[in-house]
Amino acid sequence: MSVLSVLFFTFIRIGLGAFGGGLATIPFIHHELVVSHAWLTEREFAEVVSLAQMTPGPVAVNAATYVGYRLAGFAGSLTATIAVVAAPLALVSAAAWLLSRASGRTKAWAERVQRALRPVVAAMLFGAFWMVVRPLTKDWRLWLFTLVFFGISRFSPFRKYPQLLLVAAGTAGTILL
């Protein structure tokens with residue numbers, strides 16, 4: 001199989017397995033990119049997630065764009081990005097079409113299913129947090145840095161403008177670490 005086809009099918013799986021969106025998908029993306037294919041190391045994955053959080057767009061799309069480019073240049077980047085977006089888009093479109101034609105009883109059942117998935121998404125968010133933090137656990141300075149900026153994030157200007165917190169943390173990290 002060519003690199004492009006492996007990228008395509010891997011990111012289709014990631015797109016289809018991205019329940020909960022955003023940070024909840026990080027453990028699944030980690031498994032595909034670090035464990036299954038070994039395209040990234042643990043440290044590189046943590047860096048990709050950090051960069052994906054700072055750039056506009058979903059984590060899965062940004063990771064697909066980066067990994068695709070790294071493996072196969074522009075064609076890989078385009079292939080991985082299209083794959084990660086196209087699969088869930090088709091699935092959500094089909095589900096929306098079906099739900100629009102459903103009865104009230106079926107819609108109530110769908111709402112119960114959504115409520116039942118909330119604890120699963122919460123567990124996936126914790127798993128995502130741990131995937132990003134685990135490679136950094138050896139350096140006590142990073143824990144201190146994280147705690148300080150978590151505390152600073154509670155102040156009004158940073159709650160109102162979280163971009164200021166990103167700039168401050170990036171500047172401090174560059175200078176201190």
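Good morning. The protein chain I am presenting has eight helices and zero strands. Please keep in mind that this is a predicted model. Read along the sequence, the chain follows the pattern α-α-α-α-α-α-α-α. Taken along the principal axes, its C-alpha atoms fill a box of roughly 55 × 45 × 25 Å.

I shall begin with how some of the helices pack. Two packed helices are described by the angle between their axes and the distance between the axes.

Consider first α1, residues 3-16, and α4, residues 59-100. The axes of these two helices come within 7 Å and cross at roughly 40°. How should we describe the orientation of α1 and α4 to each other? Angles under 35 degrees count as roughly parallel, and those of 65 to 115 as roughly perpendicular; α1 and α4 are therefore oblique to each other. The crossing in which α1 passes α4 is right-handed. Sorted by class, the contact between α1 and α4 has 21 nonpolar and four polar residues, and no charged residues.

The second pair is α6 and α8. Their axes come within 11 Å and cross at roughly 155°. Angles over 145 degrees count as roughly antiparallel, and α6 and α8 are therefore roughly antiparallel to each other. The crossing of α6 and α8 is, again, right-handed. Which residues make the contact? From α6 come Arg 141, Phe 145, Phe 149 and Ile 152. From α8 come Leu 165, Ala 168, Ala 169, Ala 172, Gly 173 and Leu 176. By class, this contact of α6 with α8 has eight nonpolar residues, one polar and one charged.

Let me now turn to the largest pocket. The volume of this pocket is about 1,400 Å³. It is lined by 32 residues, of which Ser 50, Val 132, Leu 136, Phe 145 and Thr 146 are the closest to its centre. Phe 145 has already appeared in this talk, as one of the α6 residues in the contact with α8.

Which elements give two or more residues to the lining of the largest pocket? They are α3 (42-54), α5 (104-133), α6 (140-152) and α8 (162-176). The largest share, eight residues, comes from α3. By class, the lining has 22 nonpolar, eight polar and two charged residues.

To close, I would draw your attention once more to α6 and α8: these helices are in contact with each other, and both give residues to the lining of the largest pocket. Thank you for your attention.

Notes
Residues numbered from 1 in each chain as written. Predicted model: local features only at pLDDT ≥ 70, side-chain atom pairs only at ≥ 80, totals over all residues. Heavy atoms only, no water. 1 Å grid on protein atoms, 1.4 Å probe; cavity = no way out; pocket = protein on both sides within 12 Å on 5 of 7 lines; lining within 4 Å. Points joined across faces, edges and corners; volume = space filled by probe spheres on them. Helix = DSSP H or I, 4+ residues; strand = E, 2+ residues; numbered from the N terminus. Nonpolar A, V, L, I, M, F, W, Y, C, P; charged D, E, K, R; others polar. Axes fitted to C-alpha atoms, helices over the stretch in contact; angles between N-to-C directions. Left-handed = near helix turned anticlockwise from the far one by under 90°. Contact = heavy atoms within 4.5 Å.
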